[in-house]
Amino acid sequence: MKKKLYIKTYGCQMNVYDSARMADVLAPLGYAPSETPEDADMIVLNTCHIREKAAEKVYSELGRLRAVQEEKAARGGRTMIAVAGCVAQAEGEEMLRRAPQVDLLVGPQTYHRLPEMIARAERAGPGRGVMDTDFPEEDKFDRLPEESRPQGPAAFLSIQEGCDKFCTFCVVPYTRGAEYSRSAGQVLAEARRLVAQGTRQITLLGQNVNAYHGEALDGGAEWTLGRLARELAEIEGLERIRYTTSHPRDVDDDLIAAHRDVPQLMPFLHLPVQSGSDRILEAMNRRHTSDHYRRIVERLRAANPDIAMASDFIVGFPGESERDYGETLRLIADIGFAQAYSFMYSPRPGTPAALSEEQVPEAVKKERLAGLQQLLGEQQIAFNHRSIGARMPVLFERKGRKSGQLIGRTPYMQSVHVEAPERLLGEIVEAEISDALPNSLHGRVVTATWEGWDTIESASIRERASV
Ligand code: SAH
Ligand code: SF4
Ligand code: F3S
């Protein structure tokens with residue numbers, strides 16, 4: 001019997017990847033994707049625990065979904081609710097107590113076991129949640145079925161999971177478990193399947209993706225991320241390779257060299273630094289200094305002068321003084337970022353920094369965040385403005401809201417709105433950038449000889465950043 005599945009995803013790209021894989025796990029049970037929760041037989045909330053707000057959102061969503069469940073029950077049906085991801089892992093039984101409407105509670109490392117959990121939940125009936133938040137011995141990736149649907153022109157591929165770094169603010173080592181790399185063979189096979197289904201860009205994912213050390217294909221030394229990128233670049237039809245999120249401690253010579261040698265490796269690097277103050281970096285247990293970060297960026301730019309940087313920042317970490325904050329602003333000014341995410345420090349249960357007695361008042365955090373975002377926003381606008389007039393290869397990923405418009409991405413992940421026919425979806429086409437807004441660009445398709453849309457099919461070009 002056909003059943004409907006609605007998945008709502010919070011948090012990072014790893015959750016986006018996991019959501020797609022959960023759909024793969026449920027497809028053989030007859031679950032097909034649905035656009036709305038109302039008509040779904042199964043609702044999965046794939047949750048994030050990284051900051052307090054992210055976790056609270058789940059409980060308010062559960063509150064809203066109660067009405068959906070009740071209405072279905074009144075019609076004699078049942079809407080099962082599964083909470084997956086990092087809140088499920090962190091809260092465990094506490095969540096089943098607080099939200100008894102939850103039928104299934106599954107962690108990031110156990111969702112391959114969903115079919116047996118569902119069978120148990122069906123037998124148990126509503127109000128008796130089934131939970132599995134183990135860190136199992138078996139490899140989840142060995143048990144997952146192959147992808148059930150094409151992932152589109154731009155796809156994610158998890159290659160590394162978990163984290164052993166234990167930054168003092170962060171829940172990830174507790175919610176995702178110990179660091180683990182998938183074998184090179186497994187990664188290459190998945191990449192080939194994606195490309196065969198039309199994927200042109202693969203973003204390699206990991207909480208610490210450049211700590212990748214996967215079992216080699218040939219039984220030799222473990223592969224690094226640099227080596228993996230070189231081998232992936234050999235796959236015919238794979239035009240763009242990206243990776244996220246990387247850690248400054250794990251940027252090695254091999255990876256820097258890959259940025260020089262591998263044209264498919266996009267010149268855009270998300271390398272979180274969190275703070276520009278050595279005192280705060282130490283208290284965060286990041287185990288590098290701000291100068292170390294500056295040197296890495298210099299070396300990357302020496303390897304490939306086209307490289308643009310993105311980063312993450314936390315303001316108001318316990319003990320952060322005005323002077324520490326000023327050092328973060330100085331680092332930002334020195335490096336110049338194309339894009340960045342910045343957050344107010346959010347104390348997380350079970351992490352060392354949450355116990356510090358030097359918590360920074362909310363009002364100060366807010367003020368510092370505003371200052372930081374002002375500077376980062378200016379840098380992003382300046383970066384986008386520099387694109388005006390440039391010709392850039394754009395990978396068209398989806399239709400725009402306006403008819404006749406496609407939305408694609410430049411090598412720097414900037415969204416570009418372009419008037420173009422639908423058949424160019426999934427193609428890389430050169431566009432001339434005509435306008436820059438803070439969060440997106442506008443452009444028009446260019447070809448050497450413009451003879452109407454018919455000529456454009458041949459205009460798909462190999463990647464080359466031209467700014
Ligand atoms: N593995 C990545 C980051 C994963 S979490 C790394 O090591 O950089 C994504 C971002 O969320 C982090 O870079 C950090 O900026 C932010 N973050 C994590 N924990 C946080 C907390 N407790 N409060 C505020 N921001 C946090
Ligand atoms: Fe969290 Fe630090 Fe690990 Fe990143 S490196 S996931 S911030 S503990
Ligand atoms: Fe959030 Fe878990 Fe990702 S806490 S950021 S969903 S690893």
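These exercises walk through a predicted model, with its domains, three buried residues and the surroundings of its ligands.

**Exercise 1. State how the chain is divided into domains, and how far apart the centres of domain 1 and domain 3 lie.**

Step 1. Read the bounds. Domain 1 covers 3-132, domain 2 covers 140-383 and domain 3 covers 391-465.

Step 2. Take the C-alpha centres of domain 1 and domain 3. They lie 37 Å apart.

**Exercise 2. Decide whether D132 is buried or exposed, and list what D132 touches.**

Step 1. Place the residue. D132 belongs to strand β6, which spans residues 130-132. Domain 1 runs over 3-132.

Step 2. Apply the cut-off. Buried means under 20% relative accessible area. D132 has 9%, so D132 is buried.

Step 3. Find the contacts. Set aside the neighbours within four places in sequence. D132 then contacts L105, V106, G107, T110, R113 and M117.

**Exercise 3. Do the same for S158, then find its C-alpha separation from A333.**

Step 1. Locate S158. Strand β7, residues 154-158, contains it.

Step 2. Check the accessibility. The value for S158 is 0%, so this residue counts as buried.

Step 3. List the partners. Residues up to four places away in sequence are left out. S158 touches M14, Y17, F141, R182 and L205.

Step 4. Turn to A333. S158 and A333 are 175 residues apart along the chain. Their C-alpha atoms are separated by 33 Å.

**Exercise 4. Work out which backbone atom the side chain of S181 reaches, and describe the setting of S181.**

Step 1. Begin with the strand. S181 sits in β9, residues 180-181.

Step 2. Judge burial. S181 counts as buried because its relative accessibility is 11%.

Step 3. Follow the side chain. The side chain of S181 reaches the backbone nitrogen of H213 at 3.0 Å.

Step 4. Add the contacts. Beyond the neighbours within four places in sequence, S181 meets I159, Q160, A211, Y212, H213 and G214. H213 is thus named in both steps.

**Exercise 5. Describe the surroundings of ligand 1: its nearest residues, its polar contacts and its burial.**

Step 1. Look at the shell. There are 16 residues around ligand 1. Those that come nearest are F169, Q207, Q274, D312 and S346.

Step 2. Sort by class. The shell holds seven nonpolar, five polar and four charged residues.

Step 3. Inspect the oxygen atoms of ligand 1. One is 2.7 Å from a side-chain N or O atom of Q274. A polar side-chain atom of R51 lies 3.0 Å from an oxygen atom of the ligand. For R286, the distance from a side-chain N or O atom to an oxygen atom of ligand 1 is 3.3 Å.

Step 4. Assess burial. Ligand 1 taken alone exposes 540 Å², and the protein buries 91% of that.

Step 5. Name the elements. Strands β13 (308-315) and β14 (339-344) give two or more residues to the shell around ligand 1.

**Exercise 6. List the residues around ligand 2 and ligand 3, and find one that lines both.**

Step 1. Take ligand 2. Around it are C163, K165, F166, C167, F169, C170, V172, P173, Q207, N208, H247 and R286. By class, seven are nonpolar, three polar and two charged.

Step 2. Take ligand 3. C12, N15, T47, C48, H49, I50, C86, R176 and Q207 surround it. Four are nonpolar, four polar and one charged.

Step 3. Compare the lists. Q207 appears in both. Q207 is also one of the residues that come nearest to ligand 1.

Notes
Residues numbered from 1 in each chain as written. Chains lettered and ligands numbered in written order. Predicted model: local features only at pLDDT ≥ 70, side-chain atom pairs only at ≥ 80, totals over all residues. Heavy atoms only, no water. Helix = DSSP H or I, 4+ residues; strand = E, 2+ residues; numbered from the N terminus. Buried < 20%, exposed > 50% of the residue type's maximum accessible area, 1.4 Å probe, protein only. Contact = heavy atoms within 4.5 Å. Near = heavy atom within 4 Å. Polar contact = N/O pair within 3.5 Å; in protein donor to acceptor, adjacent residues only side chain to side chain. Areas by Shrake-Rupley, 256 points an atom, 1.4 Å probe, with all protein chains shown as cover. Nonpolar A, V, L, I, M, F, W, Y, C, P; charged D, E, K, R; others polar. Domains from an automatic or database assignment.
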